[in-house]
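Student: Pick one part of this model and take me through it slowly. I'd like the local picture, then how it sits in the rest of the chain.

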Amino acid sequence: MTSPVESLVVEEGTEPGESMENLMEMYEESFKRFAEGEVVTGRIISVDRDFVLVDIGYKSEGQIKIHEFRDESGNITAKVGDLVEVMVEWWDDENEMVVLSKEKAAKVKVWEEIKKIHESDGTIEGTITARVKGGFSVDVGVQAFLPGSQADLRPIRNLDELVGKTFEFKILKYNRKRSNIVLSRRVLLEHERETKRAATLSSISEGKIIQGHVKNITEYGVFVDLGGVDGLLHITDISWGRVKHPNELYKIGDPITVKVLNLDVEKERVSLGVKQLSEDPWITAIQKFPVGTRINGKVVSLTDYGAFVELEEGIEGLIHVSEMSWTRKIRHPSKILSVGDRVDAVVLDIKPDNRRISLGMKQVAPNPWDLISEKYPVGTTIEGRIKNITDFGIFIGIDEGIDGLVHISDISWTKRIKHPSDLYKKGDVVQAIVLDIDKDNERFSLGIKQLHEDPWKTVAQRYAVGTIITGTITNLTDFGIFVELEEGVEGLVHVSEISKEKIKTPVGRFNVNDTITAKVMNINTEERRIGLSIKRLEIDDEQALISEYVSSLKPASSEFGEKLRENLQEKFSD
């Protein structure tokens with residue numbers, strides 16, 4: 001029978017002595033028995049349905065269950081001739097078979113690697129596989145635990161976004177017996193941040209232009225990551241123009257170029273600016289926008305007192321509410337403008353030192369008050385529609401935006417008007433005469449009564465003193481009776497002129513609409529007053545009767561009779 005040694009083939013080119021020595025070593029190796037739990041390297045010699053046979057140098061091959069060689073898709077990865085690390089699980093001497101495990105060998109190697117990394121203060125790569133209570137499960141060859149507080153530098157809002165990602169980790173502690181490994185990513189990030197921070201602080205200086213990334217956005221500014229150091233870009237340093245909120249211009253992660261405005265190394269505070277990368281537009285504003293320049297700008301803001309208009313980025317002008325229309329009284333700019341509107345305006349004043357430009361909208365068109373006096377000189381008769389009625393008069397539309405006022409006192413020469421609405425209503429078309437135009441105060445005065453001659457001018461001719469008139473009572477007061485002589489012309493019978501008897505009040509003795517006859521006693525055209533008397537009319541009537549009686553008497557036959565006649569005449573003449 002051929003011995004195992006005799007069956008071995010001597011390699012070509014080997015010396016006889018060396019050959020024998022090698023053969024003996026190989027022979028002894030073939031009878032070597034590995035300890036259970038030991039990890040060895042073998043070569044795959046066959047692959048069947050259930051097992052993979054691996055030669056580990058023993059007289060009998062070891063077998064591994066086929067499932068240990070299936071990938072995630074279920075495909076077999078084992079190939080004859082491949083070297084593979086396996087762990088000896090147990091020996092079956094009776095059947096001359098050894099049971100091996102590829103998976104357990106891999107875990108043993110992982111634990112050895114974990115021990116080595118921990119002792120050398122190294123790092124290990126792992127993939128976060130799932131969220132668990134208090135943190136994450138990480139695959140580093142075996143399952144490890146990553147506490148939530150050690151996952152990042154700051155608390156993570158969306159924890160699920162880390163699942164499936166691969167990172168480097170620091171091993172905080174491990175226990176092989178309990179299969180417990182605790183990892184940290186934060187330790188590495190902190191170290192990286194400190195390294196970057198030191199490098200960044202040593203490389204930046206005031207006035208330097210550097211690159212960064214938007215890290216966070218607030219209503220007052222943008223925090224920029226400069227490489228381990230955060231700088232603040234205040235909202236006032238973003239643009240020379242108006243910025244309502246930084247998120248209108250930036251979003252987290254955006255690359256950004258900034259200028260270092262201020263650096264405090266001890267407190268690690270960095271103030272940044274973007275607008276400082278370009279020239280202040282107000283430096284050349286007075287050359288670009290001298291007084292009288294007509295501009296077209298965009299409305300960027302509205303206030304109670306006016307509208308702010310952007311002429312160019314960084315330069316805004318104010319259109320005061322009083323400069324929006326020549327004729328309209330605008331209570332609030334929102335009545336005619338909206339944010340975003342484009343408007344034409346004229347530069348009225350500019351103060352670059354105060355960053356102020358005053359603008360006017362109405363100056364774009366001619367002032368209608370400059371033309372109105374030429375178009376409607378005093379004395380011109382106009383016709384217009386009543387636009388408004390107030391206690392003190394009526395407003396008549398003349399030209400677009402210009403209304404003329406007929407004061408209540410200029411409606412009628414004679415009528416006593418309590419309220420203009422008693423005679424007119426909104427929308428009525430009326431005629432009036434231009435009385436006065438005050439361009440400075442923008443007042444246009446009209447009169448309706450001036451269309452006709454003042455009847456009081458000729459009242460003295462129509463009602464001469466001593467004339468007896470008949471009229472209708474229009475009003476009764478304690479001091480007298482008002483009598484209408486003609487439409488709009490009234491006279492007053494004072495209480496003392498009602499009767500020869502002493503009367504305290506005419507009320508109760510007369511009624512409104514009663515017709516009475518009286519004598520004109522006096523006329524004051526300036527004060528528009530006519531004094532009447534009923535008493536004087538009665539006295540005149542009595543005198544006439546006495547005169548007639550005296551005249552009918554025969555001539556006196558004696559001196560006594562003549563004296564009596566003269567006394568009667570004197571008495572009644574008084």
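### A lysine and its surroundings

Tutor: Let's start with Lys-215, which has a relative accessibility of 30% and so counts as partly exposed. One thing to keep in mind throughout is that this is a predicted model.

What does Lys-215 pair with? Its partner is Asp-230, and the salt bridge between them brings the closest N and O atoms to 3.0 Å. Lys-215 belongs to strand β11 (residues 209-218) and Asp-230 to strand β13 (residues 230-234), so the bridge ties together parts 15 residues apart in sequence. Asp-230 is partly exposed as well, because its relative accessibility comes to 27%.

Now for a second bridge, to set beside that one. Glu-312 and Lys-288 also form a salt bridge, with 3.3 Å between the closest N and O atoms. Here a strand meets a helix: Glu-312 is in β17 (residues 306-312) and Lys-288 in α5 (residues 285-288), so parts 24 residues apart in sequence are tied together. Both ends fall in the middle class of accessibility, which runs from 20% to 50%: Glu-312 is partly exposed at 24%, and Lys-288 is partly exposed at 43%. Back at our starting point, bridges with shared partners link Lys-215, Asp-230 and Arg-154 into one network. Over the whole structure, the search turns up 21 salt bridges.

A third bridge brings in a buried arginine. Arg-185 pairs with Asp-152, and their closest N and O atoms are 3.8 Å apart. Two loops are involved: Arg-185 is in the one between β10 (180-184) and α4, and Asp-152 is in the one between β8 (143-147) and β9 (166-175), so the pair connects parts 33 residues apart in sequence. Is Arg-185 buried or exposed? It is buried, because its relative accessible area is 13%, under the 20% cut-off. Asp-152, on the other hand, is partly exposed at 25%. If you set aside residues up to four places away in sequence, Arg-185 touches Leu-146, Gln-150, Ala-151, Asp-152, Phe-167, Glu-168 and Phe-169.

Follow the chain on from that loop and you come to α4, which spans residues 186-203. Its 18 residues reach 25 Å from the first C-alpha to the last, close to the 26 Å expected at 1.5 Å a residue. Which of its residues are buried? They are Leu-189, Arg-197, Thr-200 and Leu-201. The four cover an arc of only 90° around the axis, so they sit on the same side of α4. If you want the general geometry, an α-helix has 3.6 residues a turn, so residues three or four places apart point the same way. What does the buried side of α4 pack against? Those buried residues pack against β14 (255-264). Turn the helix around and you find His-191 and Ser-202 exposed on the other side.

Past β14 there is another arginine to look at. Arg-269 is in β15 (residues 269-273), and it counts as exposed because its relative accessibility is 55%. Neighbours within four places in sequence aside, Arg-269 contacts Asn-262, Leu-263 and Asp-264. Its C-alpha is also 8.4 Å from that of Val-229, although the two residues are 40 apart along the chain.

For a nonpolar piece of surface, look at Val-47, Ile-76 and Val-80, which make a patch of about 230 Å². You'll find Val-80 in the loop between β3 (62-65) and β4 (83-92). With 57% relative accessibility, Val-80 counts as exposed.

Finally, zoom out to the chain as a whole. It has 574 residues, 36% of which count as buried, and its secondary structure comes to 9 helices and 30 strands. Take the contacts between residues at least 6 apart in sequence: 57% of them join residues at least 24 apart. The chain exposes about 35200 Å², with carbon and sulfur atoms supplying 48% of that area.

Terms used:
Residues are numbered from 1 along each chain as its sequence is written. This is a predicted model: local features need pLDDT of at least 70, side-chain atom pairs count only at pLDDT 80 or more; totals for chains, interfaces and linings use all residues. Side-chain values use heavy atoms; hydrogens and water are left out. Patches are made of residues with over 30% relative accessible area and no salt bridge: like charges are joined within 9 Å, nonpolar side chains (Val, Leu, Ile, Met, Phe, Trp, Tyr) within 5 Å. Accessible areas come from the Shrake-Rupley method with a 1.4 Å probe; for residues, only the protein chains shown count as cover. A salt bridge is a side-chain nitrogen of Lys or Arg within 4 Å of a carboxyl oxygen of Asp or Glu. Buried means under 20% relative accessible area, exposed over 50%, partly exposed in between (1.4 Å probe, protein chains only). The expected span of a helix is 1.5 Å times one less than its number of residues. The arc is that of the directions from the helix axis to the C-beta atoms. Contact means heavy atoms within 4.5 Å.
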